Amino acid sequence: MRLLIITLVGIIVGFFLGASFQSHSPSSKVSTSSNIFDLAYIEDKYSDLPTQALLNVWSSLRGRRAVSKKFNDSNIWVAMNPRGAERLPPGVVVAESDLYSRRIWGLPQEDLIVKPRYLMTFTVGYEQRNNINAMVEKLTENFQVMLFHYDGRASDWDEFEWSKDAIHVSVRKQAKWWYVKRFLHPDVVAPYDYIFIWDEDLGVENFDPEKYIQLVKEHSLDISQPGLSEDSGMTWQMTRRRNDTQIHKEAQEKPGWCEVPQLPPCAAFVEIMAPVFSHKAWRCVWHMIQSDLVHGWGLDFALRKCVEPAHQKIGVVDSQWIVHQSVPSLGSQGKAENGREPWEGVRERCHHEWTLFQDRMAAAEKSYYQALGIDLLPNTILW
């Protein structure tokens, strides 16, 4: 009797399942026949159960399979998720990170007693360690220190106690903008309000980092640098320190150098030796850095593209000033060839990169406006 009931149920269910499909594909036939196999399997496994109980088990299993199939067919796709993460539910997506050191034990929520708000980075060789140490000793717990080592001597810095808490990246014979393009993506440095991208040959005896940040905030500067002392060697008038003001945003250069007073180098301009960026500005600047142009020459004239109005958002802080020592330490990492000193090849590439960057920026802007159907006048200043 039980066998007859089971067989009839299998035939009836199979009939209705088959009728619910318009196509007679092989997959439909397999699905229909599998219902009978399910019943046979259940009868064999639960042979000691009465007929009604067998039917209940079969119904329960079929329900679970339907639910499983329903969710398998409902693929997640969230277009607003970061590129490549569209298949993930938004609640699990973590698009940003940080450079905070964490423990490998205990509870994650207890790892960080203090979360630094500012990131101080230096591109360094060991020979300039005293400069860097002098600066780091001025920093409070609000600062995270990150060193990019171009000479491969990262472990030698352990002589300084603070070095054990710093972030070290060591790749030989690379320039500052090579490192920052690869290791300071805006989503990685998202928690930091301000990011310092500094050279190693800077004297900081008259510089207080906390007071500097206070002035930058007070004057709404998204891109800034400390003023340079008079003994800092050749520099632009815009970045030279003034004695009669806390900050300045414009300067007078040589006749003919500034056709438009609100454009570089007379305004909206800082140099690339010691810039400080708000996180908002850095998100734009990072995307403008070219991966193959490692020296960053020409960036200083184009930084204004990332803030608006640039002549108000870019400035020099005079009351917190530094000395540019002009130590050509990176030049020694070049290659001597064709009878030339290592530094000569480095300097030649710097000039070449400047020209390349200018050409790329001009071509990109021209292409953009042409795509919009806008014809620019021959003397239009693009960048």
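Buried means under 20% relative accessible area, so F269, at 0%, counts as buried. With that cut-off in hand, welcome to a short tour of a predicted model. The protein has 383 residues, 41% of which count as buried, and its secondary structure comes to 10 helices and nine strands. Among contacts between residues at least 6 apart in sequence, 70% join residues at least 24 apart. The notes below go through the nonpolar cores, helix α7, the disulfides and the aromatic rings.

**Nonpolar cores**

- In soluble globular proteins, nonpolar side chains tend to be buried together.
- Here the largest nonpolar core holds 46 residues, and L184, I223 and W282 are the ones with the most contacts inside it.
- Two or more residues of this core come from each of these elements: the strands β2 (143-149), β3 (167-170), β4 (194-198) and β9 (314-324), and the helices α5 (176-183), α7 (279-288), α8 (299-302) and α10 (342-371).
- Helix α7 is the element that gives the most to this core, with five residues.
- Apart from this core lies another one, of 34 residues, including M120, Y194, L215 and I322.
- To look at I223 more closely, leave aside residues up to four places away in sequence: I223 then touches V270, V276, F277, A281, V285, L303, V307, K313, I314 and G315.

**Helix α7**

- Which residues of α7 are buried? They are H279, A281, W282, V285, W286 and M288.
- Seen down the helix axis, the buried residues of α7 fall within an arc of 160 degrees, so they line one face of the helix.
- As background, an α-helix has 3.6 residues a turn, so residues three or four places apart point the same way.
- Two of these buried residues, A281 and V285, are also among the residues that I223 touches.
- W286 has a lysine for company: K181 lies over the face of its ring, at 3.7 Å from the ring centre.
- C284 lies in this helix as well, and C284 is partly exposed, with a relative accessible area of 31%.

**Disulfides and cysteines**

- The model has two disulfides, and with bonded cysteines counted along the chain they follow the pattern 1-2, 3-4.
- One disulfide is formed by C258 and C266, with their sulfur atoms 1.9 Å apart.
- The torsion about the S-S bond of C258 and C266 is about 90 degrees, so this disulfide is right-handed.
- Both of these cysteines are buried: C258 has a relative accessible area of 19%, and C266 has one of 4%.
- The other disulfide joins C284 to C306, with an S to S distance of 2.1 Å.
- What is the handedness of the disulfide between C284 and C306? The torsion about its S-S bond is about -70 degrees, so this disulfide is left-handed.
- C284 sits in helix α7 and C306 in the loop between α8 and α9 (310-313), so the pair ties together parts that are 22 residues apart in sequence.
- C306 is buried, with a relative accessible area of 13%.
- C350 also counts as buried, at 6% relative accessibility.

**Aromatic rings**

- A pair of aromatic rings is described by the distance of the centres and the angle of the planes.
- Searching the whole structure turns up 25 aromatic pairs.
- One of them is W236 with F269, an edge-to-face pair at 5.5 Å centre to centre with 80 degrees between the planes.
- W236 lies in the loop between β6 (223-228) and β7 (247-248), and F269 in the loop between β7 and β8 (276-278), so this pair ties together parts that are 33 residues apart in sequence.
- W236 counts as partly exposed, at 21% relative accessibility.
- W236 also forms an edge-to-face pair with F301, at 5.6 Å centre to centre and 75 degrees between the planes.
- This pair links distant parts of the chain, 65 residues apart, with W236 in the loop between β6 and β7 and F301 in helix α8.
- F301 counts as buried, at 15% relative accessibility.
- Elsewhere in the ring list, Y118, F122, F143, Y194, F196, W198, F207 and Y212 form one aromatic cluster.
- Y194 from this cluster is also one of the residues in the core of 34.

Methods
Residues numbered from 1 in each chain as written. Heavy atoms only, no water. Core = buried A, V, L, I, M, F, W, Y, C linked by side-chain atoms within 4.5 Å. Buried < 20%, exposed > 50% of the residue type's maximum accessible area, 1.4 Å probe, protein only. Helix = DSSP H or I, 4+ residues; strand = E, 2+ residues; numbered from the N terminus. Contact = heavy atoms within 4.5 Å. Disulfide = S-S within 2.5 Å. Phe/Tyr/Trp six-rings, centres within 6.5 Å; stacked < 30°, edge-to-face > 60°. Lys NZ or Arg CZ within 6 Å of the ring centre and 35° of its normal. Arc of directions from axis to C-beta.
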